[in-house]
Amino acid sequence: MADVLKKVPVREQDPKVRATNFEEVCYGYNKEEAMEEASRCINCKNAKCITGCPVSIDIPAFIAQVKEGNFDEAYQIISKSSALPAVCGRVCPQESQCEGKCIRGIKGEPVSIGKLERFVADWARENGVKPQPAAEKNGHKVAVIGSGPAGLTCAGDLAKLGYDVTIFEALHKPGGVLVYGIPEFRLPKDKVVAEEVKNVLSLGVKIETNVIIGKSTTIDELLKEEGFEAVFIGSGAGLPMFMGIPGENANGVFSANEYLTRNNLMKAFRDDYKTPIMRGKKVVVVGGGNVAMDAARTALRLGAEVHIVYRRSEAELPARVEEVHHAKEEGVQFDLLTNPTEILVDENDWVKGIRCIRMELGEPDASGRRRPVEIPGSEFEMDADTVIMSLGTSPNPLISSTTYGLDVNKRKCIIADEEYGKTSKEGVYAGGDAVTGAATVILAMGAGRAGARGIHEYLSSKNK
Ligand SMILES: Cc1cc2nc3c(=O)[nH]c(=O)nc-3n(C[C@H](O)[C@H](O)[C@H](O)COP(=O)(O)OP(=O)(O)OC[C@H]3O[C@@H](n4cnc5c(N)ncnc54)[C@H](O)[C@@H]3O)c2cc1C
Ligand code: SF4
């Protein structure tokens, strides 16, 4: 009999094989595995897992349906709270959210809530089950800017309440970071992202791609001239940061955003696309977050020897433990307590190496993490032909600088309240990375839900 203290293991591609392809790493549960894992849930009366979920999925209720093999019912329960369950089941940091609160986790391993959510969403897609649309339209027009998790969630919730919603998206494909940032081997684009976007559209949401708000039109024009009664801004945080060290403008230096966008959105990894990327032989990725892991694992799959250079130690790596584990298994090398000081270039201004300095950990800084301090005289050089900077991102100021009366903080994040996403401008709501700076899919979705609540309340009282 299976050990009830342990999760039913999930099948994955062999690390040696997957390091050479872009197929999905994790295979997920089949029916029998899902039902067995669901039977580990003890259906707590005071289910702490729900409080750990930013979109408040009724987790014990959906798991109880999985246990009985009622996957359709399980999907309808999830889709009341989440527009993107197949995405969240794959990329959410469950270990610090729902699973982090699961009562089963006190003595053994928590219930594998994320993998069960993924199973249900995949089952629904394969069996043509869709979320329920609103019974009637209410005739009120709302604009949503950005089709990432925040925008899609806000649009889906408003459509279910009967609003006439149009999403305006700057890129040619909807999905935000889900389509341009997170790689195919973690989140398949056609099979998963495009299908969940279609589910949102099936609720009656319209989308206009290739429209840059702040250039093609403005928020003030949407409100004053185009008949929209409220606007939700979910434009993300897509502006990359750099270190400001010598050589950073050389050929062969990328931001992680550019590198990943070229691969994910422009399909640079596929031979049948005419938008290739430079395939480095030795790639250095600077940074230690999820984005750095994604860039490193992408470069590895494109055939490079890959080093992650990070200024603190392994314990401080901001990436999910699972991502670090997968990166190591596949052969990414970690140069920890190391910081770049200069990018070395050849006579044609191409990257030929990187100068670094060794670090040690000092006293904790404002973030509570121990501050990395340079060790004098420890500088050394590494060969490299490509350097990928993965140091974080901030919101693009285009929207805030073209919208009259919209307040931002000193990091250019839009100021909005947490409960309803209300901004300083009447009728304008905001949420996701545009408000918090780079965060997570599920927090962006939670903010999208909050924005939908705020807009519904605003328009309901205005139109009384
Ligand atoms: C490489 C990478 C890996 C990540 N991995 C994970 C992970 O494993 N788990 C996790 O939970 N989170 C992860 N994240 C973070 C997560 O993806 C983001 O927090 C989340 O996507 C934010 O959602 P959002 O809707 O606020 O913004 P976004 O997803 O950035 O979407 C914003 C959308 O708005 C559009 N837009 C921007 N400006 C305009 C404009 N002026 N007019 C019209 N449209 C505009 C953009 O084109 C984009 O489509 C990762 C991020 C990256 C970059
Ligand atoms: S806390 Fe864990 S065991 Fe309890 S209902 Fe939630 S998933 Fe089930």
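In the predicted model, five helices each contribute at least two residues to the shell around ligand 1: helix 9 (149-160), helix 14 (290-301), helix 16 (398-402), helix 17 (433-436) and helix 18 (441-462). The shell comprises 41 residues, and the closest to ligand 1 are Gly-146, Gly-148, Gly-176, Gly-236 and Gly-432. By residue class, the surroundings of ligand 1 divide into 23 nonpolar, 15 polar and 3 charged residues.

Ligand 2 is surrounded by 15 residues, of which Cys-41, Cys-44, Cys-49, Pro-60 and Cys-102 are the closest. Two or more residues of this shell are given by helix 3 (48-51) and by helix 4 (59-67). Helix 4 supplies the largest share, with 3 residues. The shell around ligand 2 consists of 12 nonpolar residues, 1 polar residue and 2 charged residues.

Strand 16 (residues 386-389) pairs with two other strands. With strand 8 (residues 253-255), strand 16 forms a parallel pairing over 3 bridges; here Ser-255 is placed opposite Met-389 of strand 16. The pairing of strand 16 with strand 9 (residues 282-286) is likewise in the parallel sense and runs over 4 bridges, with Val-283 opposite Thr-386 of strand 16. The side chains of strand 16 alternate in direction: Thr-386 and Ile-388 point one way, while Val-387 and Met-389 point the other way. All four of these residues are buried. Thus Thr-386, which stands opposite Val-283, and Met-389, which stands opposite Ser-255, point in opposite ways from the strand.

How values were computed: Residues numbered from 1 in each chain as written. Chains lettered and ligands numbered in written order. Predicted model: local features only at pLDDT ≥ 70, side-chain atom pairs only at ≥ 80, totals over all residues. Near = placed C-beta within 6 Å. Nonpolar A, V, L, I, M, F, W, Y, C, P; charged D, E, K, R; others polar. Buried ≥ 20, exposed ≤ 12 C-beta atoms within 10 Å, placed from the backbone. Pairing = 2+ DSSP bridges.
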